[in-house]
Structure formats: structure tokens, C-alpha cells
Amino acid sequence: MNIQGKVALVGAGPGDPELLTVKAVKAIQAATVLLVDDLVSDDIVALAAPAARIVYVGKRGGCKSTPQAFIEKLMVMAAREGENVVRLKGGDPFIFGRGGEELEHLRESGIEVQVINGITAGLAAVTSLGVPLTHRQHAHGVVFVTGHVRPGAEGTDWRALAETAHKARLTLVIYMGVSGAERIEGELLTGLPASTPACVIQNASLPTQRHLSTTLGSLAASIREAGMGSPSIIVVGDVMAGVALATAHPASARAA
Ligand code: SAH
């Protein structure tokens with residue numbers, strides 16, 4: 001008989017437990033072991049069965065984040081012991097969550113693995129302001145892009161992106177961009193007008209959510225002035241011109 005367990009890579013969404021999918025809730029409730037990332041809120045972890053073993057693999061475990069290779073090893077070990085493992089990740093597991101690497105490792109180790117989508121932070125952040133990411137008149141598409149540069153890596157080609165976004169009318173949704181905002185602003189200005197509407201949304205979907213509405217030319221200065229920090233999403237594009245209007249009527253802007 002095969003007693004091997006399985007792993008589900010589960011998207012926990014942006015923070016608000018009500019934004020979990022039904023599939024995610026069922027997987028969390030059925031898990032015997034949960035490996036939990038930093039950005040997953042306590043209310044979501046509380047859905048786990050009382051007997052489940054919960055392992056925090058982010059910084060709140062007390063030390064630095066657990067190295068990726070160790071997390072992958074833990075998942076394989078637990079599955080081989082017959083556990084029903086849930087790897088709980090913020091937002092969607094396949095948007096900047098290293099979910100792809102974890103999936104590959106599990107498959108190579110012969111572990112049965114399932115992926116359950118979550119609402120990615122960029123989508124939730126913009127929707128919470130009552131603004132659409134695409135619009136027939138203002139935006140023909142969306143780019144989810146990372147502002148984080150791996151040490152030694154080249155990083156995003158912001159100049160090429162700015163030119164394309166301008167020509168093709170795309171909304172840019174930037175993850176992990178706050179600490180590099182000055183560099184990102186400078187490079188995007190090579191292809192996009194300084195007057196392009198921009199918005200920064202911190203703690204999207206949580207009671208602590210706040211946002212600032214600005215322009216690309218004032219992005220870094222506004223972030224500094226308002227003291228915006230992580231986790232935040234930066235959105236650049238004409239659709240964000242609607243924010244001032246939408247937030248003047250908060251009742252209609254926030255999802256009920
Ligand atoms: N897989 C996640 C992204 C992980 S990368 C997803 O799909 O959402 C981590 C980055 O996501 C943060 O630096 C921040 O840019 C963004 N992020 C995650 N949760 C957020 C939240 N509640 N509000 C704003 N940004 C958030």
C-alpha cells in the first residue's frame with residue numbers, strides 16, 4: 001500500500017480571509033502539516049485543524065526567513081511520512097512566490113502535488129480602490145512585474161517596459177518595488193510621461209490598508225513623505241486617474 005502523503009501549494013490571497021477560495025479553505029482545514037509564509041494572516045492560519053502542525057517559515061518564526069532549499073526538503077520529508085501538507089503562500093502561489101521552483105522540486109522527488117490559486121495582491125489592491133486594471137479606453141492589458149533585483153542578477157528592463165507600456169497602453173503592477181522606487185521611477189520616466197497616474201497601496205485587503213495617489217514623476221518623493229513601507233503594490237497607468245474619483249465615494253470604492 002502506498003502511504004505517501006501529498007502537498008498542496010495554496011494561495012492565501014492578499015490577507016482578508018474572505019478572499020480565500022473555497023478550495024483553499026478546504027485544503028487548509030484538511031491539512032495535517034502547514035508551512036506558512038510571512039504574509040499569511042493569522043485569521044487564515046486559524047482555519048487549520050487544532051491538531052495540525054504549523055511551521056512558520058518566514059521571518060516571524062523568530063529568525064531570518066528559512067532558506068528555500070530547507071523549505072523544499074521539509075515538504076518532501078513530511079509528504080514521505082504520509083502527511084497531508086499545505087504550503088500556504090501569500091496571494092497566488094505562482095506570482096512571485098517561488099511556487100514554480102517548489103513545484104519542480106516536489107515533482108522531481110516524486111511527490112503528488114496540487115496547486116490552488118489565490119487572489120494575487122496586485123489584483124486585490126487595485127480592485128479595493130474601485131478601479132479596473134483594464135479598461136476599453138485607458139488600458140489594453142496588465143503587466144505584473146517585480147521591483148526586486150536578485151543580487152548579481154540584471155533585474156527588470158524598466159526602459160523597455162516603459163516604452164512598451166506607453167505604446168501598447170498597459171497598466172504596470174509592480175510588486176516589491178517600494179525600496180527601489182527611486183530607481184524604478186527614473187527608468188520608467190525614459191518612456192512614460194511624468195504625469196502618468198500612479199498609486200501605492202499598502203496592506204491591501206487588511207484593516208490597516210492605506211494608499212496614496214500620485215504621478216510617476218512624484219512617485220519616490222510621495223512614498224518617502226507618506227512613509228509607505230512593505231508590503232505595498234505600486235500601480236502605474238492611466239486607469240489610476242480614476243482613484244481620486246473613486247475614493248471620494250469610499251462606499252462604492254470598497255468591495256462590500
Ligand atoms: N505571491 C504573492 C506575491 C509575493 S511577493 C501574490 O501573489 O500576491 C511579495 C510582495 O507582494 C510584497 O512585497 C508586495 O509587493 C506584495 N504584497 C503581498 N501582499 C500584499 C498586500 N496585502 N498589500 C500590498 N502588497 C502586497
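Me: Which residue in strand 4 is the bridge partner of Val 36?

Reply: Keep in mind that we're looking at a predicted model. Strand 2 (residues 33-36) and strand 4 (residues 84-89) run parallel, joined by four bridges. Within strand 4, Val 36 is partnered by Leu 88.

Me: Which strands stand at the edges of the open sheet, and why is one side of each left without a neighbour?

Reply: The sheet has five strands with parallel pairing, in the order 3-2-4-1-5. Each edge strand has a single partner strand, so one of its sides has no neighbour in the sheet. Those edge strands are strand 3 (53-56) and strand 5 (112-116).

Me: What angle does helix 3 make with strand 4?

Reply: Helix 3 covers residues 68-80 and packs on the sheet. It touches strand 1 (6-11), strand 2, strand 3 and strand 4. Its direction and that of strand 4 make an angle of about 155°.

Me: And helix 4, at what angle does it run to strand 1?

Reply: Helix 4 takes in residues 99-108. You'll find it lying across strand 1, strand 4 and strand 5. Relative to strand 1, helix 4 runs at about 170°.

Me: Let's move to Met 228: is it buried or exposed?

Reply: Met 228 sits in the loop between helix 8 (219-226) and strand 10 (232-236). Beyond its neighbours within four places in sequence, its contacts include Val 178, Ile 201, Leu 212 and Ile 223. Its relative accessibility is 7%, and under 20% means buried, so Met 228 counts as buried.

Me: How far apart are the C-alpha atoms of Met 228 and Val 200?

Reply: Along the chain, these two are 28 residues apart. Still, Val 200 is one of the residues in contact with Met 228. Their C-alpha atoms are separated by 7.9 Å.

Notes. Residues numbered from 1 in each chain as written. Predicted model: local features only at pLDDT ≥ 70, side-chain atom pairs only at ≥ 80, totals over all residues. Heavy atoms only, no water. Helix = DSSP H or I, 4+ residues; strand = E, 2+ residues; numbered from the N terminus. Buried < 20%, exposed > 50% of the residue type's maximum accessible area, 1.4 Å probe, protein only. Contact = heavy atoms within 4.5 Å. Pairing = 2+ DSSP bridges. Axes fitted to C-alpha atoms, helices over the stretch in contact; angles between N-to-C directions.
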